[in-house]
Amino acid sequence: MKPKNLFLVGPMGAGKSAVGRQLAKLIHFEFVDSDDELEARTGVDIPFIFEKEGEAGFRAREAAVIDELTGRDGIVLATGGGAILDGDSRSRLGARGFVVYLQTSVDQQLQRTEKGRERPLLVSGDPRAILDKLMEVRDPLYREIADLVVATDGRRVQAVAREIFDAL
Ligand code: S3P
């Protein structure tokens, strides 16, 4: 059965965007990435928003985008790793679609965040220590709203997307 929407949550480097794109093709939904959407709306990149407005400014913008996007129908949404920190966003994600937590180890996150887009939270300190700490706080929040938890370590995008598709 097709849900109204499909929301992917999980930490940086979980593969939310790659899996989301694949999944959107499989279920013929539109793919949307909340970070990309935020950048398109502001006309600047995420590191710039963190620099000018701090994490609090970024979170307020992120919550507004999540509110709007979750109000749509027929989308696969890849959320930013910290989108679940906001209680209202958690409620909206939980109520407005099927939530999949892409569960990923810190080792795997480190490998996957080496290249690709810049993550402002990882630049000021030891990335492993930062990711460990974030996971401790966030893992329960991802689980709180997840309808399905899927392990992604060492797995291909295609296999993860297929598992989610089969579970629907
Ligand atoms: C963040 C994750 C990033 C992005 C921002 C903050 C976080 O998204 O929203 O850098 O708090 O974990 P990805 O999870 O897509 O990397």
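This passage describes the strands, the nonpolar core and the ligand site of a predicted model.

The description begins with strand E1, which spans residues 6-9. Leu 6 and Leu 8 point one way from this strand, whereas Phe 7 and Val 9 point the other way. Such an arrangement follows a general pattern, since in a regular strand the side chains alternate between the two faces of the sheet. In E1 the residues on both sides, Leu 6 and Leu 8 as well as Phe 7 and Val 9, are all buried.

E1 has pairing partners in E3 and E4. With strand E3, made up of residues 75-78, E1 pairs in the parallel sense over three bridges, and within this pairing Val 76 of E3 is the bridge partner of Leu 6. With strand E4, made up of residues 98-103, E1 also runs parallel, and four bridges join the two strands; here Leu 6 stands opposite Phe 98 of E4. Leu 6 is thus matched with Val 76 in E3 and with Phe 98 in E4.

E4 in turn pairs with strand E5 in the parallel sense, over four bridges, and Leu 102 stands opposite Val 150 of E5. Strand E5, which covers residues 148-151, has one covered face, formed by Leu 148 and Val 150, and one uncovered face, formed by Val 149 and Ala 151. In E1, by contrast, the residues pointing either way are buried.

The largest nonpolar core contains 22 residues, of which Val 9, Leu 77, Ile 84 and Leu 93 touch the most other members. Two or more residues are given to this core by each of E1, helix H3 (46-70), E3, E4 and helix H6 (127-145). Among these elements, H3 provides the largest share, with seven residues.

The ligand is surrounded by 13 residues, and those that come nearest are Lys 16, Asp 35, Arg 59, Gly 81 and Arg 138. By class, this shell consists of four nonpolar, three polar and six charged residues. Several side chains place a polar atom beside an oxygen atom of the ligand: for Lys 16, an N or O atom of the side chain is 2.5 Å from such an oxygen, and for Asp 35 the corresponding distance is 2.8 Å. A polar side-chain atom of Arg 119 likewise lies 2.9 Å from an oxygen atom of the ligand. Taken alone, the ligand exposes 380 Å², and the protein buries 97% of that area.

Definitions and conventions. Residues numbered from 1 in each chain as written. Predicted model: local features only at pLDDT ≥ 70, side-chain atom pairs only at ≥ 80, totals over all residues. Heavy atoms only, no water. Buried < 20%, exposed > 50% of the residue type's maximum accessible area, 1.4 Å probe, protein only. Pairing = 2+ DSSP bridges. Near = heavy atom within 4 Å. Polar contact = N/O pair within 3.5 Å; in protein donor to acceptor, adjacent residues only side chain to side chain. Areas by Shrake-Rupley, 256 points an atom, 1.4 Å probe, with all protein chains shown as cover. Nonpolar A, V, L, I, M, F, W, Y, C, P; charged D, E, K, R; others polar. Core = buried A, V, L, I, M, F, W, Y, C linked by side-chain atoms within 4.5 Å.
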